[in-house]
Amino acid sequence: MIEKRSIVGSIQLMRYISTRGGGAPQPFLKILLEGLAPDGGLYVPEKYPQLSPQELETMRRMSYPELAYVILSKFADGIPPADLRKIIFDTYTKEIFGSDNIVPLKKLEAGLYLLDLSEGPTLAFKDIALQFLGRAFEYALAQSGERLNILGATSGDTGSAAEYAMRGRVGVRVFMLSPLGRMSDFQRKQMYTLPDENIFNIAIRGTFDDCQDVVKQVNRDSEFKKRYKLGAVNSINWARIASQVVYYFWGYFRATSSNVERVSYAVPTGNFGDILAGHVARCMGLPIKQLILATNENNVLEEFFSSGGGSASGGKTGGVYRPRKGGEVAVTSSPSMDISKASNFERYVFDLILRDRSRMQELWGNLQTKGAFDISGSPDFSRISETGIIAGSSTHAERLNTIRSIWEKYDVLIDPHTADGVTTGLKHREADVPLICLETALPTKFANTIREAIGRDPDLPVHFKSLVTLPERFEVYDADAELIKKYITAHV
Ligand SMILES: *Cc1c(COP(=O)(O)O)cnc(C)c1O
């Protein structure tokens, strides 16, 4: 019996392919520690696992970690079940996420919900993926006997989530570049007060873009990269996406009473990571009606989706994806969504064009040579509506209004990113379809905007009050890749 099952398991092992078509299919443990595929593409599963009605029915009654195990075991099937189970049950705990629900569903009124994804250590939804990733990395490194040095750049949220996930992990060091004097007090305190010896905070005299340029330059030195085992934790990592698929299922089961019902999700979007997880959940058979993509003033994605599946912005043609240049990115009150290009969008487009690799090379070739591609008028574009995605954007004034009205109407305080989602979500809400808005950060992190919206400061969670008095550990450098390489060399 055991033998038969293990044979079946090995036949069904999930493999990952690159969106650009190069290289042989790879197992999960191989792609876990890698960023981009060698051909510059992103890894995606060969096929999305499909869930039967019976499976969905059993999943409805599971606890969060049980549900996470069932879903993640379909993607990470190279990890022995008992090991994967331990990683997941160590990750999604009351100690780390504040309650046994892990992501509580908050009802605002009949048919309108907030899914609280921000109850983790750094008060933003990135904890859900990174807490899992930290443990999965430690496991994979222990198996192979390797070490990993994570080099990253942050404007605030990603850096702290990564550092809290990797602190104290065996085999992992984190070198995180942040722009000196440009993060909120809260974000700075959160990162710089960590005492762990494997965490290195490097404050760069410059902007976030300068930090990111340094990271790119260091990575371009392939010899250095290989020698010092440089890795990344950005959202192109498939394990991050897979772990986010889970809460779309969880939210659906909490908001409905049977699997014939459908729900829609409103998703604040930057790098297209979060909403891609929704797309994957929908492809796996979760009854999602619409995935409402919300951007702020940096609306590259709204532009692409407009009028494809029926968008807010009537009149625009849509179908054009034109990433912005650095200088064209506006600084907004939802800074984690201030992006010039949406990295994970490539995975969605791959599905949209029915995984046709020559078409993919044509489109990404156009991106390189012309700075944009255009699929308007093609069958690819009309296929958008089948994927359920519609898009919209909000302005600073609309976000303030939404924060105020949700506060006054329901006594619930939301952060500016969540407000992006709620604003666009409400514009597209349908009478008979429950709408679940994803909460991606707690308001505490963005006190200035909250003050502007409701005239008072958000409460500081008790365990963060002590942060203010802790000493800060960081070193200051110019934006110079050679200096950063020397720093890494001296600290590994
Ligand atoms: C990262 C982030 C987003 C955007 O998520 P993507 O996966 O990049 O689309 C939205 N809100 C907050 C608070 C974030 O930190």
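Contact here means heavy atoms within 4.5 Å. The structure is a predicted model, in which local features need pLDDT of at least 70 and side-chain atom pairs count only at pLDDT 80 or more, while totals for chains, interfaces and linings use all residues. Residues are numbered from 1 along each chain as its sequence is written, and side-chain values use heavy atoms, with hydrogens and water left out.

**View 1. His279 and the residues in contact with it.** His279 is found in helix α13; helices (H or I, at least four residues) and strands (E, at least two) are DSSP runs, numbered from the N terminus. With a relative accessibility of 3%, His279 counts as buried, a term that stands for under 20% relative accessible area (1.4 Å probe, protein chains only). Apart from neighbours within four places in sequence, His279 is in contact with Tyr48, Leu291, Tyr348, Asp351 and Thr387.

**View 2. Helix α13, residues 273–283.** Nine of the eleven residues of α13 are buried, so the helix is largely enclosed by the rest of the structure. Among the buried residues are Gly273, Asp274 and His279. The elements that the buried residues of α13 pack against are the helices α4 (64–75), α12 (238–255) and α15 (345–352), and the strands β10 (263–268), β11 (288–295) and β15 (435–439). Just after α13, Gly285 has a positive phi of about 115°.

**View 3. The ligand and its surroundings.** The ligand is surrounded by 14 residues, of which Lys126, Gly270, Asn271, Asp274 and Thr440 are the closest; a residue is near a molecule if one of its heavy atoms lies within 4 Å of it. This shell divides into four nonpolar, seven polar and three charged residues. Nonpolar covers Ala, Val, Leu, Ile, Met, Phe, Trp, Tyr, Cys and Pro, charged covers Asp, Glu, Lys and Arg, and the others, Gly among them, count as polar.

**View 4. Oxygen atoms of the ligand beside Lys126, Gly273 and Ser336.** An N or O atom in the side chain of Lys126 is 2.5 Å from an oxygen atom of the ligand. For Gly273, a backbone N or O atom lies 3.3 Å from a ligand oxygen atom. In the side chain of Ser336, an N or O atom is 3.5 Å from an oxygen atom of the ligand. Taken alone, the ligand exposes 390 Å², and the protein buries 96% of that (accessible areas by the Shrake-Rupley method with a 1.4 Å probe).

Technical notes:
A polar contact is a pair of N or O atoms within 3.5 Å; within protein, one must be able to donate a hydrogen and the other to accept it, and residues adjacent in sequence count only if both atoms are side-chain atoms. Buried means under 20% relative accessible area, exposed over 50%, partly exposed in between (1.4 Å probe, protein chains only).
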